[in-house]
Amino acid sequence: MTERLLSSLNPQQREAVQHPGGPLLILAGAGSGKTRVLTHRIAYLIRERGVKPGRILAVTFTNKAAHEMRERVDALLGGAVARPIWIGTFHAICSRVLRADGAHIGIPSTFTIYDEEDQRRVIRDCLADLRLDERRYPPAVIHAMIGRAKDEALDPGRYAARASTFMEEAAVRVWRAYEAELRARGALDFDDLLCETLRLFETHPDVLRRYQERFEHVLVDEYQDTNHAQYLLVRALAGLHRNVTVVGDDDQCLPAGALITGPDGTRPIETLGDGAVVLAACGAGGLTPAPAVAHPARPYQGPVVTVRTRGGFHLTATPNHLVFGRFIPRADVHHVYLMHRRGMGYRIGRSSGVRRRSPGEWDSGLSLCLNGEAADRVWVLAATADEGEAARLEQVYAFRYGIPTTVVHVNGRRTRLGHTHVACGSRDMETEERAARLLADLAMSPAYPHVRADAGIRGDTTRRLVHFTMFGDHRAYRRRPWRDHRVQLVTSGDDARARVEREYPTRTSRAAGWCVETARRDYDVGWHMARHLAALVDGEPVLRARVCEARTPGRSGPGVRPVHTILPLGHMHPGMMLAVVKDGRVVEDEVLSRTLERYEGPVYDLDVADLRTYV
């Protein structure tokens with residue numbers, strides 16, 4: 001049984017699955033098999049260590065992720081064995097606890113959970129009762145302020161003690177009225193589920209002890225997304241046995257010596273502490289001073305990528321360090337690519353950068369390949385001016401990793417292979433794990449394709465994209481330097497629209513179907529909304545940015561601000577465009593080379609609130 005559980009794992013994954021006990025932190029990039037490690041560890045604990053299924057708690061961040069984890073564990077153990085395992089989101093787990101034991105703090109087991117629309121309605125009622133003008137104190141802003149305070153595990157009293165503005169003082173008054181109204185209605189909001197569970201554990205240690213004794217092992221996926229309240233819950237539940245396993249994404253890492261630019265010059269990143277002022281992009285080519293929070297240094301042993309540009313810039317970082325990149329079709333570049341189509345698996349191919357669409361009309365070679373095979377996404381594995389070298393690399397990757405070069409869509413093509421043959425071949429070859437291994441060996445991630453298919457509906461396949469564009473709003477503000485972050489979903493389908501309209505306003509799109517279009521000042525609020533929207537429509541959130549100044553193609557008409565995709569540095573290939581800073585402005589520069597080398601030593605990162613960028 002042990003060998004069957006471990007056979008599909010690499011050495012590092014095996015080490016994590018077989019960890020003997022105690023606290024375990026797993027750091028890995030997106031798409032590297034973190035969830036597979038959690039599910040295999042659960043199966044290993046039950047089959048090999050004899051842990052009873054009901055003594056395991058596994059926490060995820062979305063219902064979809066919880067469902068997928070449940071399916072994977074069922075496949076490894078069998079549904080009957082896995083059923084007693086507690087698998088769910090923080091909110092689902094806390095709801096279960098409160099329905100069982102909430103009476104200890106006055107919460108009835110029949111409480112109602114208010115969604116965002118219900119919460120906004122109550123806040124509007126409270127504003128009216130308190131005679132506060134909605135135009136001066138927008139319900140959405142007040143609601144977000146209360147939510148962020150609850151994320152920090154604050155109550156109205158502690159929040160009031162640190163309130164320093166009229167808006168914060170108004171939020172305290174509304175919050176107290178809002179809480180009283182919810183209690184009168186026998187209701188909780190989503191944030192209350194966590195906060196009230198913490199209050200239950202703090203005020204009734206006997207209840208906490210019972211759950212601590214029950215959960216011998218606590219496992220948390222996507223740990224980097226936890227807020228303070230969620231951290232406190234994990235710490236409380238794992239406080240007795242201390243068998244806590246958390247998995248997180250360690251993107252954004254720079255080696256020692258990387259120079260960070262501030263208003264007064266450059267300094268090595270290792271010399272910066274919390275509160276250091278750095279220069280950050282704020283949209284439309286602009287830069288602004290902003291305070292940064294320094295992450296603790298951590299040891300690193302592995303590849304680093306160095307990218308050099310035509311303008312003489314170079315950047316060295318871990319492969320998953322995120323940058324602003326843009327893929328552009330070039331006639332003098334040939335690409336070797338990895339293509340994926342849902343239900344059909346992966347294939348390797350090559351294409352010239354520009355191909356003829358029709359007489360006199362040219363388009364991106366990768367986009368034409370993607371659309372011609374009705375595929376979903378493409379990763380560039382190599383870019384070269386030598387067509388022969390591209391042909392060689394295509395064969396090397398195909399044979400070395402056992403990934404076919406056969407097209408994933410044969411309709412309308414002259415081939416003896418039919419759709420069924422291709423589908424069966426892809427399943428037989430298990431291309432998913434082979435593609436993940438190929439990307440990992442090239443210091444790339446499955447989570448960041450270079451080209452995605454446009455949103456749309458083909459037959460019974462619906463593809464929906466939710467675009468979150470940093471600094472994407474066209475409006476500028478006097479009191480703050482950065483532009484709002486834009487959230488946009490344009491799609492069709494009555495069922496999906498009905499699900500979305502329960503939480504967000506929609507409108508009919510001018511092109512077709514319907515859309516959600518809005519902007520948020522706060523990066524975290526906007527990105528959370530984009531991911532939530534994607535979950536509602538079974539879609540995919542796409543992270544983009546407008547950091548560069550407008551390009552003016554000619555004298556007539558205004559320039560257009562280019563849209564950059566947020567990509568790991570390991571995905572930047574020659575011919576792509578990279579956002580750089582030149583003469584105090586954010587501009588584009590062409591990537592000339594990409595090299596890999598080994599690095600062993602400390603790595604560092606900074607966090608800049610709202611702007612999420614630094615130079």
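Start with a selection: the lining of the second largest cavity, whose residues split by class into six nonpolar, three polar and one charged. You're looking at a predicted model, so keep that in mind throughout the tour.

**Stop 1: the second largest cavity**

To get the whole lining on screen, pick Phe 327, Ile 328, Arg 330, Val 333, His 335, Val 380, His 573, Pro 574, Gly 575 and Met 576. The space they line comes to about 40 Å³.

**Stop 2: the largest cavity**

How many cavities of 30 Å³ or more does a search of the whole structure find? The count is three. Rolling a probe the size of a water molecule over the atoms is how empty space like this shows up. The largest cavity holds about 90 Å³ of space. Select Leu 57, Ile 93, Cys 94, Leu 233 and Leu 237, which are the closest to its centre among the 13 lining residues.

Now colour by element. E2, helix H6 (90–101), helix H11 (190–203) and H13 each give two or more residues to this lining. Which of them gives the most? That's H6, with four residues. By class, the lining of the largest cavity has twelve nonpolar residues, one polar and no charged ones.

**Stop 3: helix H13**

Stay with one of those contributors and select residues 228–237, which make up helix H13. Is H13 mostly covered or mostly uncovered? Mostly covered: seven of its ten residues are buried. Highlight them as Ala 229, Gln 230, Leu 232, Leu 233, Val 234, Ala 236 and Leu 237. You've already met Leu 233 and Leu 237 at the largest cavity, where they are among the residues closest to its centre.

**Stop 4: Arg 49**

Next, go to Arg 49, in the loop between helix H3 (34–47) and strand E2 (56–60). Its relative accessible area is 35%, which is over the 20% limit for buried but not over the 50% needed for exposed, so Arg 49 counts as partly exposed.

What does Arg 49 touch, leaving out residues up to four places away in sequence? Show Gln 18, His 19, Pro 20 and Tyr 44. Zoom in on Gln 18: the side chain of Arg 49 reaches the backbone oxygen of Gln 18 at 3.0 Å. Along the sequence these two residues are 31 residues apart, while in space they are 9.6 Å apart, C-alpha to C-alpha.

**Stop 5: Glu 373**

Jump to Glu 373, in the loop between helix H14 (365–372) and strand E21 (377–384). Is Glu 373 buried or exposed? With a relative accessible area of 2%, under the 20% cut-off, Glu 373 is buried. Add Arg 347 to your selection: its side chain makes a polar contact with the side chain of Glu 373, at 2.6 Å. Then try a distance to His 340, which is 33 residues from Glu 373 in sequence and 9.8 Å away in space, C-alpha to C-alpha.

**Stop 6: the second largest pocket**

From here, move to the second largest pocket, with a volume of about 620 Å³. Of the 22 residues that line this pocket, select His 450, Val 451, Arg 452, Asp 454 and Thr 565, the closest to its centre. Strand E16 (322–326), H14, strand E22 (451–452), E25, E29 and strand E30 (564–568) each supply at least two lining residues. H14 gives the most, with three. The lining of this pocket divides into eleven nonpolar, seven polar and four charged residues.

**Stop 7: helix H19**

Finish on helix H19, residues 523–536. Why should H19 span 20 Å? It has 14 residues, and the expected span is 1.5 Å times one less than that number, so 20 Å is what you'd look for; the end C-alpha atoms are indeed 20 Å apart.

At the N-terminal end, find the cap: a side-chain oxygen of Asp 522 lies 2.8 Å from the backbone nitrogen of Asp 524. Just after H19, Asp 538 takes a positive phi of about 55°. Within the helix, show the buried residues Tyr 523, Gly 526, Trp 527, Met 529, Ala 530, Leu 533, Ala 534 and Leu 536. For their cover, turn on elements including strand E25 (465–470), strand E26 (485–491), helix H18 (494–501), strand E28 (514–520) and strand E29 (540–545).

Methods: Residues numbered from 1 in each chain as written. Predicted model: local features only at pLDDT ≥ 70, side-chain atom pairs only at ≥ 80, totals over all residues. Heavy atoms only, no water. Buried < 20%, exposed > 50% of the residue type's maximum accessible area, 1.4 Å probe, protein only. Polar contact = N/O pair within 3.5 Å; in protein donor to acceptor, adjacent residues only side chain to side chain. Contact = heavy atoms within 4.5 Å. 1 Å grid on protein atoms, 1.4 Å probe; cavity = no way out; pocket = protein on both sides within 12 Å on 5 of 7 lines; lining within 4 Å. Points joined across faces, edges and corners; volume = space filled by probe spheres on them. Nonpolar A, V, L, I, M, F, W, Y, C, P; charged D, E, K, R; others polar.
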